[in-house]
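Grab a pencil and work through these exercises with the model open beside you. Each task comes with its solution.

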Amino acid sequence: MLELYQFELSQYSEKVRLILDYKGLEYRKIEVVPGIGQVELFRMTGQRQVPVLKDGNKFIVDSTQIAKYLDLEYPDRPLIPQNPKQRGLCLMIEEWADESIGIKSRKALYYAITQDENFRKSLLPANTPDVLKALVQEVPKDLLKFLGFGVGYTPDVVRNAIVDLKQDLEALTLLLAESPYLVGDEPSLADLAVAGLSLLIKFPEGSYVDIPPALRGKGVPELADNPVYEPFFNWRDRLYAQFRKPLKGSTSPQSGSAPTQIEID
């Protein structure tokens, strides 16, 4: 069985999960423990970042390379069109989504965390002690802003990311106004990349990601709750309903899998 080394809340991991589900491939999710797990991942693959796909004795790193590998080795339900113009558009949109939505959505999520103490508490793992949840909930906004400076998330950087994402979502909403998909009449890598990478902007309504139910359908203020972008998120959720497998234990008739958390042995 395929194995996906991942972080559950990684938008790039979600992109790969959506691709795997679209192709109907069975896989096991392995949650990489930050720190020690990443060191072991580096020993095996030469990099610390997720996602990493293991197929037999092969390790494929980077979400784009994983997508291309899967299309080559598992050609059913192809991701990249053969038509030259559609192929070019698909690859261009996928690359743009990686570099724009994928990167800026992290900064946007940080903004949401600083604005809403209940939101940041809900992002903690379900087994987090109540005492720690209370401490996280009560962290002052000024301290969070200070911590943001340490990773380059200054107020200007975060605000610019929000502004850019507004333009991105507007463009996507316009592109999808009279078309079921971004490239042609069938789903492609462009659609799956955009849908998966938008995870941190607004979490899907269904039980597709291992997060508290209270977070489903919630997201970044000014983006997730803006009616102008509602058609895009409705499109994204329809794509999920059609192709993404929900977690085991959900009420949906389909079956998925929650991540197995290990330190990688």
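**Exercise 1.** Which residue in β3 does E3 stand opposite?

First, some ground rules: this is a predicted model, where local features need pLDDT of at least 70, side-chain atom pairs count only at pLDDT 80 or more, and totals for chains, interfaces and linings use all residues. Residues are numbered from 1 along each chain as its sequence is written, and side-chain values use heavy atoms, leaving out hydrogens and water.

Now find strand β3, residues 52-55 (strands are DSSP runs of E, at least two residues, and helices are runs of H or I, at least four, numbered from the N terminus). It runs antiparallel to β1, with three bridges joining them; two strands pair if DSSP finds at least two bridges between them. Opposite E3 you'll find K54.

**Exercise 2.** Work out what lies on the other strand bridged to β1, and how the chain gets there.

Start with β2, residues 27-32: five bridges join this strand to β1, and the two run parallel. Next, pick Q6; its bridge partner in β2 is E31. Finally, add helix α1 (residues 11-22): β1, α1 and β2 make a right-handed β-α-β unit. Right-handed means that, with the strands pointing away from you, the path from the first strand over the helix to the second runs clockwise.

**Exercise 3.** Sort the residues of β1 by face, and say whether each face is covered or not.

In a regular strand, side chains alternate between the two faces of the sheet. One side of β1 has L2, L4 and Q6, the other E3 and Y5. All of these are buried, so both faces are covered (buried means under 20% relative accessible area, with a 1.4 Å probe and protein chains only).

Definitions and conventions
Buried < 20%, exposed > 50% of the residue type's maximum accessible area, 1.4 Å probe, protein only.
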